[in-house]
Amino acid sequence: MAEPPGLDRSQAGHSPTQQPLPLSVWPTAQQSAAAQRAGRYLPASTAHPAKMLPAIARHAITAYSQPGDLVLDPMCGIGTTLVEAVHLGRHAVGVDLEPRWADLARANITHARTQGATGTATVVTGDARQLPSLLDPGLVGRVALVLTSPPYGSSIHGRSPPAPAKGSPSTTTPTPPTPATSAASPSQPCWTPSGTFWPAARRCCAPAGC
Ligand SMILES: C[S@@+](CC[C@H](N)C(=O)[O-])C[C@H]1O[C@@H](n2cnc3c(N)ncnc32)[C@H](O)[C@@H]1O
């Protein structure tokens, strides 16, 4: 992935072995979450307990993609990435394991379109680990940016187990109790770099990469 505009390597952090790490701090999302979402998202969106801040999504999409590009959020929740992408003239595709959030993401996209958003977006209910088979074949290999916020804790956010998801006919697996910073176990996390989510999403990327 290209470095974001304005990244100053002289201010980069260092790992314990003194390898420079590309760190950056974005001066964005300084309004309250409620103010950022007011009127832009359906009120039902407040039910999701782990939403991304819209301004952060906007900043990332602006920095890392161009109008007309395709943006993928493989764990899209209420669709923050998708809504901000279509407002910025990008196209978007999202996946969420829980039908409740996938439905809400679709409704938020419809709402964005009524507010003049020019991009288009689709949402699939399914397990991100099954990408790219979940997507319309015409979208596979066209993704310019993958932007997501994985589950923060030990469970999916619904109060009951999800229904069997497309691409996962026999079972669905709740997010395991592994924090993002812990060692990955290929048999468990859906969202660690060496787990099954990222390689699956990466197969959807354009040849030039995400
Ligand atoms: C932190 S939330 C994402 C919130 C989203 N960025 C938003 O603003 O609404 C993580 C989401 O991942 C979903 N999820 C968990 N495991 C998943 C999986 N294997 N495949 C797809 N979605 C998954 C959860 O249902 C939850 O909505």
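Helices (H or I, at least four residues) and strands (E, at least two) are here runs assigned by DSSP and numbered from the N terminus. The model under study is a predicted one.

**Overall composition**

Establish how many helices and strands the protein has, and the order in which they follow one another.

Solution. The count gives 5 helices and 6 strands. Read from the N terminus, these elements form the succession β-β-α-α-β-α-β-α-β-β-α. As to burial, 40% of the 210 residues are buried. Finally, take the contacts between residues at least 6 apart in sequence: 66% of them join residues at least 24 apart.

**The sheet**

Determine the strand order of the open sheet and identify its edge strands.

Solution. The sheet contains 4 strands in the order S5-S4-S3-S6, and their pairing is parallel. Strand S5 (121–125) and strand S6 (143–146) form the edges, since each pairs on one side only. From one strand to the next, the twist averages 20°.

The individual pairings can then be examined. Strand S3 (residues 70–73) runs parallel to S6 and is joined to it by 3 bridges; Val71 stands opposite Leu145 of S6. S4 and S5, likewise described as parallel, are joined by 5 bridges, and Ala92 has Ala121 in S5 as its bridge partner. In general, strands of a sheet pair through backbone hydrogen bonds.

**Helices against the sheet**

State which strands helix H3 lies across, and give the handedness of the unit that contains helix H4.

Solution. Helix H3 (residues 80–87) lies across S3, strand S4 (91–96) and S5. Relative to S4, helix H3 runs at about 175°. Helix H4 (residues 99–114) belongs with S4 and S5 to a β-α-β unit, and this unit is right-handed.

**Burial of an edge strand**

Decide whether S5 is largely enclosed or largely open.

Solution. The criterion for a buried residue is 20 or more other C-beta atoms within 10 Å of its own. In S5, 4 of the 5 residues are buried; the strand is therefore largely enclosed by the rest of the structure. S5 is nevertheless an edge strand, pairing on one side only.

**The loop between S2 and H1**

Classify Pro27 and Ala29 as buried, partly exposed or exposed, and note what is unusual in the backbone of Ala29.

Solution. Pro27 is situated in the loop that connects strand S2 (20–21) and helix H1 (33–37). Pro27 has 6 C-beta neighbours inside 10 Å and therefore counts as exposed. Its C-alpha atom is separated by 9.3 Å from that of Ile56, a residue 29 positions away along the chain.

Ala29 is found in the loop between S2 and H1 as well. Ala29 has 16 C-beta neighbours inside 10 Å, so it counts as partly exposed. Although Ala29 is not a glycine, its phi is positive, at about 60°. Most residues other than glycine have a negative phi.

**A cis peptide bond**

Locate the cis peptide bond that precedes Pro132.

Solution. The bond from Leu131 to Pro132 is cis, its omega being near 0°. Pro132 lies in the loop between S5 and S6. Most peptide bonds are trans.

**The ligand shell**

Name the residues that come nearest to the ligand and divide its shell by class.

Solution. There are 25 residues around the ligand, of which Ala50, Met75, Gly77, Thr80 and Ala128 come nearest. Divided by class, the shell comprises 14 nonpolar, 6 polar and 5 charged residues.

Technical notes
Residues are numbered from 1 along each chain as its sequence is written. This is a predicted model: local features need pLDDT of at least 70, side-chain atom pairs count only at pLDDT 80 or more; totals for chains, interfaces and linings use all residues. Two strands pair if DSSP finds at least two bridges between them. Axes are lines fitted to C-alpha atoms, for helices over the stretch in contact, and angles run from 0 to 180 degrees between N-to-C directions. Two residues are in contact if their C-beta atoms, placed from the backbone, lie within 7 Å. A residue is buried if 20 or more other C-beta atoms lie within 10 Å of its own, exposed if 12 or fewer, and partly exposed in between; C-beta atoms are placed from the backbone. A crossover is right-handed if, with the strands pointing away from the viewer, the path from the first strand over the helix to the second runs clockwise. A residue is near a molecule or strand if its C-beta atom, placed from the backbone, lies within 6 Å of it. Ala, Val, Leu, Ile, Met, Phe, Trp, Tyr, Cys and Pro count as nonpolar, Asp, Glu, Lys and Arg as charged, and the others, Gly among them, as polar.
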